[in-house]
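Me: I am new to reading structures and would like a close look at a single part. Please pick a place where two helices pack together, and tell me what is found around it.

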Amino acid sequence: MTGTPDHPGPQPPTTPEDPRDLVGIGIGPFNLSLAALAHPLGELDTAFYEQRPGFHWHPGLLIDGATLQVPFLADLVTLADPASPWSFLNYLKTRERLFPFYFAERFHIQRAEYDAYCRWVSENLPALHFGHQIDAVRWNPERDLFEVDFTQLDTDGEAEALGRTYTKNIALGIGTAPYVPEPLKPLAEAPAVPVIHSADYLDHRELLLAADHITVIGSGQSGAEIFLDLLRSRPTGREKIHWLARTEAFAPMEYSKLGLEHFTPDYTRYFHALPEAVRDGLVPHQWQLHKGIDADTITAIHDELYRRTLHGGWPDAVLTPGVSVRTAGRVATTRVELHLEHLQQGTRSRLTTDAVVLATGYRERPLDQLLAGLDPYIRKDSSARPRIDDQYRLVLDPSVTGSVYVQNAERHTHGVGTPDLGLAAWRSATILNSLTGRAPYPLPQRTAFTSFGLQTPDRHPGTAGRIGEQRSNLVRLKT
């Protein structure tokens, strides 16, 4: 397929007598991947709902030149189905841009291009319903179905109509929410004070550039990209920028070939099989696998700072790691005073600034309110978090015959690869294989050279694949 399929328009609500096979809640990259891979499976009746009027992927961070930290092969479908019509390469073909991309020799595409690609998919998949706010999810034991209540919104985001759909299974893909540290919440919520999260950076960029002094808080990729963008836009010698971070260094992301194998299905399976306490202890120590800075961005920052020393003097830019913000307050209504503590020195100081950008990351959206109607059925771990099995299903009471799959809400059970785009297609394929009870998307037995744990003699890496192949050959010989 080289073009895009026709959009058939909205589908009528289902009745209990005619339930859907799968309802997706939220349309970010992960549920969009699931919808794309489910599309050719004719036996599945699916519908995906999203409150927003259309697809947008981190619009506040689509800074000119910013690239994805994963290769273009980590699109919505390719690592599960390279022949899918919803691949990034097919998107380029439909736009007559395949040859320019070929000559550009880019393995890592720009974020804006990834966003455009996802919007192309979202505008052409028939099972997607934007402008639909999910209000409640319940289990109906009489009919062995999930009930999903929603509000259809008009173009202004106002309620237009109420509806209900019934489904045998659910896929939660509600994503993450910007995280604001407690000391800064009162300031971020005060409209007169320019304290904004990096998720809204581009919407406030001009306001930030007009500030006399700017402080960026956060040592990850977003903080680095914003610091670099602001630095490039400020006059030499009058930059007036502070960059603060809790981490001990502005450290590069782990990007060695074997290090990247932590983002393989092999490591995900290994992590899931570990005891809960071990998993909880591992995640905080693996921050450099996913919270570090791309080496090219670090290089660009140093190059820009160095360029500003060519005619003598140093740029008015302060980069300080190992610092936490204890408290914060307003000064003269529109200025901010940050109370800082250096973790290694044990010293404290104050910093007055005119604007703050919080590159403080994201947290998984809580499921409590959305799944309140299912709470009696959800099995929890010792920290009151939902238990999630190796097929990405919430562990529910046996009386619930349907499944609730989760996407990007399982870091505590599946590890650092949970929010990684490179595992999106594999996770979607795993869900669809589980849902259909067959393997429309055959998945590899082994994906990493690293053996993450000691193997028992009968479970040596690669053995399962060879045994399966031998058994398959025996079947063919007998027939």
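Reply: What follows is a description of one helix pair and of a cavity that shares a residue with it. The model is a predicted one.

Two packed helices are described by the angle between their axes and the distance between those axes. Here the pair is H1, residues 29-38, and H13, residues 424-436. Their axes come within 9 Å and cross at roughly 55 degrees. An angle under 35 degrees would count as roughly parallel, and 65 to 115 as roughly perpendicular; the crossing angle therefore makes H1 oblique to H13. The crossing is right-handed.

On the H1 side, the contact is made by Phe30, Ser33, Leu34, Leu37 and Ala38. H13 contributes Ala424, Ala425, Arg427, Ser428, Ala429, Ile431 and Leu432. By type, nine of the contact residues are nonpolar, two are polar and one is charged.

Arg427 of H13, one of these contact residues, also lines the largest cavity. Rolling a probe the size of a water molecule over the atoms shows where empty space is left. The structure holds one cavity of 30 Å³ or more, and the volume of the largest cavity is about 50 Å³. Besides Arg427, its lining includes Thr268, Tyr392, Glu410, His414, Gly417, Thr418 and Leu423. The lining divides into two nonpolar, four polar and two charged residues. So much for the types: in the helix contact nine residues are nonpolar, while in the cavity lining two are.

Methods: Residues are numbered from 1 along each chain as its sequence is written. This is a predicted model: local features need pLDDT of at least 70, side-chain atom pairs count only at pLDDT 80 or more; totals for chains, interfaces and linings use all residues. Side-chain values use heavy atoms; hydrogens and water are left out. Axes are lines fitted to C-alpha atoms, for helices over the stretch in contact, and angles run from 0 to 180 degrees between N-to-C directions. Helices (H or I, at least four residues) and strands (E, at least two) are DSSP runs, numbered from the N terminus. Angles under 35 degrees count as roughly parallel, over 145 as roughly antiparallel, 65 to 115 as roughly perpendicular and the rest as oblique. A crossing is left-handed if the near helix is turned anticlockwise from the far one by less than a right angle, and right-handed if clockwise. Contact means heavy atoms within 4.5 Å. Ala, Val, Leu, Ile, Met, Phe, Trp, Tyr, Cys and Pro count as nonpolar, Asp, Glu, Lys and Arg as charged, and the others, Gly among them, as polar. On a 1 Å grid over the protein atoms alone, a cavity is a set of points where a 1.4 Å probe fits but cannot get out, and a pocket is an open set with protein on both sides within 12 Å along at least five of seven lines; lining residues have an atom within 4 Å of a point. Grid points are joined across faces, edges and corners, and a volume is the space filled by probe spheres set on the points.
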